[in-house]
Amino acid sequence: MPHISIVLYPNNPGNTFDMKYYIDTHMPLVQENWGPFGLEKWQVIEYEGAEDAARTPYTVSAILTWKDAAAVKAALASPASQTVFNDVPKFSNQTPVFMSAPIIKET
């Protein structure tokens, strides 16, 4: 069963986020390191109103689609995960929230 991971970047005072680096460098790095484990695709969302933390608690999120739960587990347990997570300070000064769950139903 397909599995989704959502990565949310908080909208805190003093937040910095380099979208160009994220799109051009980080997400290809994610695909390169986690693709062999079953990462099938990714999407990036930038939230409107992100300058107002009271309205929007997150500035950016990524949706990662995996082959199944075992793929997520294997990727996160691999040394490749350190490469992915160690890259975060290069584009954001916030610690992302990482959530993962199976897709229950699709239309």
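Which strand does isoleucine 6 lie in? Isoleucine 6 lies in strand S1, and that strand is where I will start. Before that, one caution: this is a predicted model.

Strand S1 covers residues 3-10, and seven of its eight residues are buried. Isoleucine 6 itself is at 30% relative accessibility, so it counts as partly exposed. Its contacts, leaving out residues up to four places away in sequence, are Ala62, Val97, Phe98 and Met99. Phenylalanine 37 is 31 residues from isoleucine 6 along the chain, and the two C-alpha atoms are separated by 17 Å.

Now the partners of S1. Strand S3, residues 58-66, runs antiparallel to S1, and eight bridges join the two. Strand S4, residues 97-102, also pairs with S1 in the antiparallel sense, over six bridges. For a reference point on the S4 side, take leucine 8, which stands opposite valine 97. On the S3 side, take isoleucine 4, whose bridge partner is threonine 65.

Let me stay with threonine 65, which lies in strand S3. Is threonine 65 buried or exposed? Its relative accessibility is 11%, and the cut-off for buried is under 20%, so threonine 65 counts as buried. If we set aside neighbours within four places in sequence, threonine 65 is in contact with His3 and Ile4, and also with Gly38, Leu39, Glu40 and Lys41.

Next, the aromatic residues. How many aromatic pairs does the structure hold? The structure holds ten, and I will show two of them.

The first one to look at is tyrosine 9 with phenylalanine 91. The ring centres are 5.7 Å apart and the planes stand at 70°, so this pair is edge-to-face. It links distant parts of the chain: tyrosine 9 is in strand S1, while phenylalanine 91 is in the loop between helix H3 and S4, 82 residues apart. Both tyrosine 9 and phenylalanine 91 are buried.

The other one is tryptophan 34 with phenylalanine 85. Here the centres are 5.8 Å apart, with the planes at 70°, so this pair is edge-to-face. Tryptophan 34 belongs to helix H1, residues 19-34, and phenylalanine 85 to helix H3, so the pair ties together parts that are 51 residues apart in sequence. As for cover, tryptophan 34 has a relative accessible area of 2% and is buried. Phenylalanine 85, with a relative accessible area of 36%, is partly exposed.

Going back to tyrosine 9 for a moment: which residues form one aromatic cluster with Tyr9? They are Phe17, Tyr21, Tyr22 and Phe91.

Last item, the surface. Phe85 comes up again here, because Leu76, Phe85 and Phe98 form a nonpolar patch on the surface. Together these residues have about 230 Å² of accessible area. Phenylalanine 98 is placed in strand S4, and its relative accessible area of 30% makes it partly exposed. Phe98 was also on the contact list of isoleucine 6.

To recap, strand S1 is mostly covered. S1 is paired with S3 through eight bridges and with S4 through six. Tyrosine 9 in S1 is part of an edge-to-face pair with phenylalanine 91, and both belong to the aromatic cluster. Isoleucine 6 touches Phe98, and Phe98 in turn is part of the nonpolar surface patch. That is what I have.

Key: Residues numbered from 1 in each chain as written. Predicted model: local features only at pLDDT ≥ 70, side-chain atom pairs only at ≥ 80, totals over all residues. Heavy atoms only, no water. Buried < 20%, exposed > 50% of the residue type's maximum accessible area, 1.4 Å probe, protein only. Helix = DSSP H or I, 4+ residues; strand = E, 2+ residues; numbered from the N terminus. Pairing = 2+ DSSP bridges. Phe/Tyr/Trp six-rings, centres within 6.5 Å; stacked < 30°, edge-to-face > 60°. Contact = heavy atoms within 4.5 Å. Patch = residues over 30% accessible without salt bridge, like charges linked within 9 Å, V, L, I, M, F, W, Y side chains within 5 Å. Areas by Shrake-Rupley, 256 points an atom, 1.4 Å probe, with all protein chains shown as cover. Salt bridge = Lys/Arg side-chain N within 4 Å of Asp/Glu carboxyl O.
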